[in-house]
Amino acid sequence: MCLPKSSIRVLVVDDYEPWRRFLRLTLLVSEKLEVIGEIFDGLEAVQKTQELQPDLILLDIGLPNLNGIEVARRIREVSPKSKILFVSEIRDRDIAEEALRTGAGGYVVKSDAASDLLPAVEAVLQGKQFVSSRLAGHGPPSPNEHESTGNGPHRKQLVAPISIHSVDVAPHHEVGFYSDDRFLLEDLAQFVSAALKRGSGAIIVATESHRNNLLPRLRAQDLDIAVAIEQGRYIPLDAADTLTALMVNGMPDPARFLKCLGDLIVIVTKAAKGQQGRVAVFGECVHLLWAQGNAKAAVQFEKLGNQLANRYDVDILCGYSLGSVQGGMNSHIFQRICSEHSAVHSR
């Protein structure tokens, strides 16, 4: 994204918490975008805008106490420099036009947000107007119709709705995107301790710093990791070394991947002696691949993770440390990675 160098302060206004979480997660891929507040009430949105003077407001229409269009009109009075981008599931063109007449810079249909949100944010911040393709015209544009330049509305080609998950996603394959290592370690400690406390085991494929910093958090939960390692219920591996062993010509080798990790899962399962609960597998190889610029290999790794989870019925958590890589994650790659998981978390 071609955003200004200074941080962009964003206020999210939507009355549905899971949707606010999705917006926050999507914005997280750019290090220049900072969510400074989340509001679910229309009147409070006006008050908070006057107090915070955000650079950008993502605004729903259906809000308690005051609808989004009226919110936008009042925001124009209390914070005239704040840019507004409507994000709503309402697809009525008359309503969209009324929303834009408030001075808002764009209108994104929620069903298209996976592909449209970040381009819309970029356009609005540049003083351009963005309208989701299904509202931009009465049908798909001609092959020669391109996004406009200058200050005219962007009209994107109509695309098929994007599914959140791919058809082969395993039911227990989750991903976390973390802005700070402490959040990653907190989630990882909870993930591992839950498996060990129920008598199962864990395989941790992580960087040296994360492996070392995880140990005191596990010990603080009264877990004897030395005993778990001796029993074969806790196997810590170095992510870089594991990656080297599994890669061939810049891509993960499926046979090596499934055999290496599959054999480890069998070892941990036997060590747990038939205790209830799935083995927990945490992996950072995907983060290393993405950080190296090999996003294609990272996505392939995630696909193989689905095969592994389906074959062995394990719990898999993949971790991406967004705060450690400048520039954030490309929205297309972010979408592809999310599509390979049964659940997505961000902190």
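## F86 and its surroundings

Skip past the neighbours within four places in sequence, and F86 is in contact with L59, D60, I61, G68, I69, A72, A99, T102, A104, G106, Y107 and V108. The model is a predicted one, and in it F86 sits in strand β4, which covers residues 83-88. Is F86 buried or exposed? With a relative accessible area of 0%, F86 is buried, because anything under 20% counts as such.

One of those contacts, D60, is a good example of a link across the sequence. F86 and D60 are 26 residues apart along the chain, yet their C-alpha atoms are 5.8 Å apart in space.

## Two nonpolar cores

The largest nonpolar core is made up of 65 residues, and L58, L85, F177, Y320 and M329 are the ones with the most contacts inside it. A second core, separate from that one, has 25 residues, including I61, I84, L100 and L135. As a general point, nonpolar side chains tend to be buried together in soluble globular proteins.

What does F177 touch, once residues up to four places away in sequence are left out? The list runs to L25, L28, Y320, L322, M329, F334, I337, C338, V344, H345, S346 and R347. Two of these, Y320 and M329, also turn up among the residues with the most contacts inside the largest core.

## The end of α14

S339 belongs to helix α14, residues 331-339. S339 is buried, at a relative accessible area of 13%. Its side chain reaches the backbone oxygen of R336, at 2.6 Å.

## Cavities

How many cavities of 30 Å³ or more does a search of the whole structure find? There are two. The largest holds about 190 Å³ of space. Its lining takes in 18 residues, and F257, L261, V281, G283 and F301 are the closest to the centre.

Several elements share the job of lining the largest cavity: α10 (239-246), α11 (254-271), β13 (280-283), α12 (285-291), α13 (295-312) and β14 (315-321) each supply at least two residues. Sorted by type, the lining has twelve nonpolar residues, four polar and two charged.

## Exposed spots

Two asparagines have positive phi values. For N65, phi is near 75 degrees, and for N249 it is near 55 degrees; each is a residue other than glycine. N65 is in the loop between β3 (56-59) and α3 (68-78), while N249 is in the loop between β11 (247-248) and β12 (251-252). Both count as exposed because their relative accessible areas, 62% for N65 and 78% for N249, are over 50%.

Q47 is exposed too, with a relative accessible area of 54%, but Q47 is in a helix, α2 (residues 42-52). From Q47 to I75 it is 28 residues in sequence, and 8.8 Å in space from C-alpha to C-alpha.

## The whole chain

Stepping back, the protein has 14 helices and 15 strands. Of its 347 residues, 49% count as buried. Which share of the contacts between residues at least 6 apart in sequence joins residues at least 24 apart? That share is 75%. The pair F86 and D60, 26 residues apart in sequence, shows what such a separation looks like up close.

Methods: Residues numbered from 1 in each chain as written. Predicted model: local features only at pLDDT ≥ 70, side-chain atom pairs only at ≥ 80, totals over all residues. Heavy atoms only, no water. Helix = DSSP H or I, 4+ residues; strand = E, 2+ residues; numbered from the N terminus. Buried < 20%, exposed > 50% of the residue type's maximum accessible area, 1.4 Å probe, protein only. Polar contact = N/O pair within 3.5 Å; in protein donor to acceptor, adjacent residues only side chain to side chain. Core = buried A, V, L, I, M, F, W, Y, C linked by side-chain atoms within 4.5 Å. Contact = heavy atoms within 4.5 Å. 1 Å grid on protein atoms, 1.4 Å probe; cavity = no way out; pocket = protein on both sides within 12 Å on 5 of 7 lines; lining within 4 Å. Points joined across faces, edges and corners; volume = space filled by probe spheres on them. Nonpolar A, V, L, I, M, F, W, Y, C, P; charged D, E, K, R; others polar.
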